[in-house]
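Open the model in a viewer and keep the sequence panel beside it. The stops below can be selected in the order given.

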Amino acid sequence: NWCGYNALHYACEGLNASLIQCLLETGRVDATLRTIWGQSCVCLIQSERERNPEKAGKCEALIIEYLEKTGQITEIGSFLEEERKVITLMSLADDVLIPASRKPECTADESSRFRMNAANDQDVRIVTALMKYFGIDPAIVFEKNGDNISTVNGNIYEELQNRVTDLVPNALRKVYRNQPTEFEREIILGTNYNIRKEAEVFVEGLRHIDTSRVMDLAFRMHRERGHVAE
């Protein structure tokens, strides 16, 4: 269709395991085909995981099993791994970092004290949220003496930085320094959901995607740092 979806893409986005299996068994669908945004079937499933983790897991297993059975996993495996990192990183930001950074509500009497401790409290909330996300028990890392909180058992900030850095896909690391490859462009474009509505255009009553607009919007932040997307 207009955004590059086929029947398998819709089945994946709808977490319809029965339809996915039926389509794969026909042997007439390409499970490596990506949408106009660059999304793989696995990406579409992972994007809906929060809605129903059990169904998403079953659907993803069907796609991966098919790719392995047909030998296509060698062709698309590295792309799927990078794509998975981007989705995980976006989830970390949306579900962990942003909520943890928000200021809690306080009364008028507490506002003055709150402003004084706001920065430290925010750091604690973010670090604690990250530790829970990565399965690190905050109780064995932080100790509190009165109003002061200190770390124990090594440098937790360095450990958290390393773990978050491991989630950053090569495409996002490289694009700030060098021209991205076509592979890396697709990783960036395929996981940038904010640009989609802005890139839609109507030509003679039919909806299309303005690919030049997509590129311009997707690489705006990189262009502002000196990178020119061609």
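The bend at a residue is the angle between two fitted helix axes, one through the seven residues ending there and one through the seven starting there. Keep that in mind for the third stop.

**Whole chain.** Start with everything shown; this is a predicted model. The protein has 11 helices and four strands. Of its 230 residues, 36% count as buried. Among contacts with a separation of 6 or more, 62% join residues 24 or more positions apart.

**The largest nonpolar core.** Select Leu8, Cys12, Ile20, Leu24, Ile45, Ile63 and Leu67, which have the most contacts inside the largest nonpolar core, a set of 28 residues. Then colour helix H1 (7-13), helix H2 (17-26), helix H3 (41-47), helix H4 (53-70) and H5, the elements that each give two or more residues to this core. Which of them gives the largest share? H4 does, with seven residues.

Now centre on Ile63. Setting aside residues up to four places away in sequence, Ile63 touches Leu8, Cys12, Ile20, Leu24, Cys41, Val42 and Ile45.

Move next to the loop between H1 and H2 and pick Leu15. Its phi is near 55°, a positive value in a residue other than glycine. Is Leu15 buried or exposed? Leu15 has a relative accessible area of 4%, so it is buried.

**Helix H5.** Select residues 73-101, the 29 residues of H5. At 1.5 Å a residue the helix should span 42 Å, and its end C-alpha atoms are 39 Å apart, which agrees. Where is the kink in H5 centred? It is centred on Ala93 and comes to about 35°.

Show the side chains of the buried residues of H5: Ile76, Phe79, Leu80, Glu82, Glu83, Val86, Ile87, Leu92, Val96 and Ala100. Keep Phe79 on screen and add Arg34. The charged end of Arg34 sits over the ring of Phe79, 3.8 Å from the ring centre.

**Aromatic pairs.** How many aromatic pairs are there? The count comes to two. One is formed by Tyr5 and Tyr10, with 5.0 Å centre to centre and 50° between the planes, a tilted arrangement. Tyr5 is buried at a relative accessible area of 9%, whereas Tyr10 is partly exposed at 43%.

For the other pair, select Tyr133 and Phe134. Their ring centres are 5.1 Å apart and their planes stand at 85°, so the pair is edge-to-face; the cut-off for that class is over 60 degrees. Tyr133 is partly exposed, with a relative accessible area of 33%. Phe134 has 18% and is buried, because the limit for buried is under 20%.

**Leu160 and its surroundings.** Stay with Phe134 and colour helix H7 (residues 156-167), where Leu160 is placed. Leu160 has 4% relative accessibility and so counts as buried. Which residues is Leu160 in contact with, leaving aside neighbours within four places in sequence? They are Val127, Leu130, Met131, Phe134 and Ile136. As a last step, draw the C-alpha to C-alpha distance from Leu160 to Ile136: the two are 24 residues apart in sequence and 9.6 Å apart in space.

Conventions. Residues numbered from 1 in each chain as written. Predicted model: local features only at pLDDT ≥ 70, side-chain atom pairs only at ≥ 80, totals over all residues. Heavy atoms only, no water. Phe/Tyr/Trp six-rings, centres within 6.5 Å; stacked < 30°, edge-to-face > 60°. Buried < 20%, exposed > 50% of the residue type's maximum accessible area, 1.4 Å probe, protein only. Lys NZ or Arg CZ within 6 Å of the ring centre and 35° of its normal. Expected span 1.5 Å × (residues − 1). Core = buried A, V, L, I, M, F, W, Y, C linked by side-chain atoms within 4.5 Å. Contact = heavy atoms within 4.5 Å.
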